[in-house]
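Got the viewer open and a selection box ready? Here is a short walk through the model, one stop at a time.

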Amino acid sequence: VIDDRGSSGTTSSPAAIEAQAAVFRECFSHLQMEIGKVFVGHRALVDQLLLCFFCQGHGLIEGSPGLGKTLLVRTLSDALNLRFARIQCTPDLMPADVTGTNLLVESPSGQREFAFQRGPIFANVVLADELNRATPRTQSAFLEAMQERHVTVFGVTHPLEEPFSVFATQNPIEMEGTYPLPEAQLDRFFFKLRIAMPSVEDLAEILDRTTSVARVRATPRYGAVTVREMFDLIKQVRVAEPALRLVLRLVRATHPDVEGAPKIVKTYVKYGASPRAAQSMILAAKALALLAGRYHVAADDVRPVVLPALSHRIIRNFHGEMEQVTNESIIERVLDAVGGG
Amino acid sequence: MTPASKPASGVAHETTADAVVATVSRFRARAVAIMFVRQLVMAATLVAVVAAGFEVTSPTIIFGDPTTLAFAALTALVMAGATTYIRRPSLVFTGAAIDRSLQFQDHVVAALALADDGSPVAALVRRDALDRLRKARTADVFPVELDRRVTASAVVFSVALAAILTDVTPQRLDSPRASNEASPFDASTTGDAPAGPNFGDPSESAGVRAVASSNTAAVPREPTDPSPREDTITTKTADSSSSGAMETPPGTMWPANDSSRGAGSRADSAGAVRPATIGGVAIADAPGAALSGRPSLRGTAAGVPTSAGGSQVTSEESGTQAGGVSGGPLATNAAGPRRFGASRSRDASTAVTRAQADAVLTRDDIPPARRRYVREYFLRLQSGGGKR
């Protein structure tokens, strides 16, 4: 099956690239504004979510219940006029409930035949709510879709429409009856986004918006084609040598068996970041460079994306778990050690 | 934005690439120049310290004369040039320095890395870098400033240079060059010295070089001292009357006003055999050679080694030399100047010296008033009574 992405591919004219970069900045700004209408506060989180989406990555959103995780993702989809699907993960959720299955249907001619019924995964923006409540088998169904961008049902491969991003949420409080995501699946998430409690001002604004008559919705603009073009544009951005070296040093410094790793890594880390972490950082930094009006990645573009790109890819050892050393503190030390802080 | 850098105008990518490289090269040239100056300070300090060390510890090597100073300066220049060449920054390194100094966010480094890239994005990167580079000043990136290292080096250099130019060796504090007097036993004084580099005669730096060409000669003459003594030997230059008579007390063979020679400490302290001339005869390694006092590498064994009679009569151009016995210029010395610290057989040298003494005594061209002096001197040499 051939997927018609409708993408223009790489642009051959500098003027066209400049025009596309301007569109990207405008689109990003539009999304910030539209999401800001619905989702109060957390500007940095919104920016990271948009970066993740424009880089065609998947996000793992972690936060307590009621902080607006679902609202945030839905608003993103609405603002871009994309197809949105929400999957509430429970222990009895089956892979076919996610990917779809073959159903025996009757054709207009009266013949019965199997036809593939698409699951909710066939959307542009998929919200997998409380993914850690799904069984590992169901989680693995997400795994293939997230990585390969297609699903295979009864031996037939069905490509997913692009743009395709899965935003999974998980509740860090209620861990009973959950299936923690395996490292392999965690590594497939582009960013891990953490939603904290809103400030007092933001909370007051939330109350005002949600308890009044007026209902604010995001204005849809742009579309899937624009997002694909933006992704193609992002990939054309070049990486300067200092930024590349910084990323490489960062990733290597998270491994305890690498010479020169910080002491905290050697003491508390079991497994370091994978090459996917470097890919995530570079792609997100490219998007940031475009937003800054540059066509190359500088080291300054890397630093803001280090934490969301690495925080779920560092696996602590027993001592780290026992002493409750957070991944964020480890990453901060790593940044200091490699001079990226 | 210049037309060459407008990406929409379809200008060849090589244009912006060349412009970026040329601009960064301009910055690099300044960086190299500053590095050269810094390295020159370091190298000059090193050379000066070494020279000062030799100046203080080794009396046979004196760096005070302009030729030596020029040589030292040349050495420092070569060292600085070589170090700068080896450590010269690359274009990428220079670009990184520009980015860091002017906070260009890796614009220049990226543009240099994409210099050969023909993609439109690379053209945009080069254009942006060029726009920034054209507004930048080289002095902002590579300012001329004295850091702690250079300042410390400059201070050390000044101290070392002062140690070279001002004689800090105790035995030389009252040496003849300070009193504008020439030694009667110096090759340069006796006309033996060619007009070339004289590493051993610090009097050149003091502007009192007595004899430097063939029209000068050491002339034993009657002392100007109102109380003439038979055992007084004087020297003067043919064209200069500034060299005053130097008196030597009887039996000591030393000018009374040269304490360093009387002590003979320079040769003793260095352990080196000191060349000397008297009456145009180069005397080397003789027991009394140290008595001549003046270090003169050029005069070392100048008249000693090869001539059968033990004395070398100069050619026509030096025929005006009174005394008739000359050590000859350095060019006639087949053995060449001796290196510092090189040893020679004392017996052989003494034999040669005695032969020279005999030759001098048998000749009749020594003024009568000086014959006794010369005789006693050489007899003293023969008896091994010279101060060592």
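Start with helix α8 of chain A: how many of its 13 residues are buried? The answer is 10, so this helix is mostly covered. Keep in mind as you click around that this is a predicted model.

**Stop 1: α8(A)**

Select residues 224-236 of chain A to light up α8. End to end, its C-alpha atoms reach 19 Å, close to the 18 Å expected for 13 residues at 1.5 Å a residue. Now colour the buried ones: Ala224(A), Thr226(A), Val227(A), Arg228(A), Met230(A), Phe231(A), Asp232(A), Leu233(A), Ile234(A) and Gln236(A). What do they pack against? In chain A, the partners are α1 (14-38), α2 (43-54), β10 (238-239) and α11, and chain B joins in with its α5.

**Stop 2: the crossing with α11(A)**

Add residues 275-291 of chain A, which form α11. The axes of α8(A) and α11(A) come within 8 Å and cross at roughly 100°. That falls in the 65 to 115 degree range, so the two helices are roughly perpendicular to each other. Show side chains where they meet: Phe231(A), Leu233(A), Ile234(A) and Lys235(A) on the α8(A) side, and Leu283(A), Lys286(A), Ala287(A) and Leu290(A) on the α11(A) side. By type, the residues of this contact split into 6 nonpolar, 2 charged and no polar.

**Stop 3: over to chain B**

Next, select residues 120-135 of chain B, which make up α5(B). This helix has 16 residues and should span 22 Å at 1.5 Å a residue; its end C-alpha atoms are 23 Å apart, which agrees. With 13 of those 16 residues buried, α5(B) is largely enclosed by the rest of the structure.

**Stop 4: the nonpolar cores**

Back in chain A, pick Phe54(A) and Phe167(A), the residues with the most contacts inside the largest nonpolar core, which has 102 residues. The largest share of this core, 10 residues, comes from α11(A), the helix from stop 2. Apart from it lies another core of 24 residues, with Ala128(A), Leu131(A), Leu160(A) and Phe164(A) among them.

Zoom in on Phe167(A) and hide its neighbours within four places in sequence: which residues is it in contact with? They are Leu49(A), Cys52(A), Phe53(A), Gly59(A), Ile61(A), Val73(A), Leu76(A), Val125(A), Val126(A), Leu127(A) and Ala128(A).

**Stop 5: three single residues**

- Gln139(A) sits in α5(A), residues 136-148. Is it buried or exposed? Buried, with a relative accessible area of 1%. Beyond neighbours within four places in sequence, its contacts include Tyr179(A), Pro180(A), Leu181(A) and Pro182(A).
- His30(A) lies in α1(A) and counts as buried at 6% relative accessibility. Leaving out neighbours within four places in sequence, it touches Ala79(A), Thr219(A), Arg221(A) and Tyr222(A).
- Glu205(A) belongs to α7(A), residues 200-210, and is partly exposed at 31% relative accessibility. Try a distance label from its C-alpha to that of Phe39(A): the separation is 9.9 Å, for residues 166 apart along the chain.

**Last stop: zoom out**

Select the whole of chain A, which holds 14 helices and 13 strands. Of its 341 residues, 51% are buried. Finally, take the contacts in chain A with a separation of 6 or more: 76% of them are between residues 24 or more positions apart.

How values were computed. Residues are numbered from 1 along each chain as its sequence is written. Chains are lettered from A and ligands numbered from 1 in the order in which they are written. This is a predicted model: local features need pLDDT of at least 70, side-chain atom pairs count only at pLDDT 80 or more; totals for chains, interfaces and linings use all residues. Side-chain values use heavy atoms; hydrogens and water are left out. A nonpolar core is a set of buried Ala, Val, Leu, Ile, Met, Phe, Trp, Tyr and Cys residues joined through side-chain atoms within 4.5 Å. Buried means under 20% relative accessible area, exposed over 50%, partly exposed in between (1.4 Å probe, protein chains only). Helices (H or I, at least four residues) and strands (E, at least two) are DSSP runs, numbered from the N terminus. Contact means heavy atoms within 4.5 Å. Axes are lines fitted to C-alpha atoms, for helices over the stretch in contact, and angles run from 0 to 180 degrees between N-to-C directions. Angles under 35 degrees count as roughly parallel, over 145 as roughly antiparallel, 65 to 115 as roughly perpendicular and the rest as oblique. Ala, Val, Leu, Ile, Met, Phe, Trp, Tyr, Cys and Pro count as nonpolar, Asp, Glu, Lys and Arg as charged, and the others, Gly among them, as polar. The expected span of a helix is 1.5 Å times one less than its number of residues.
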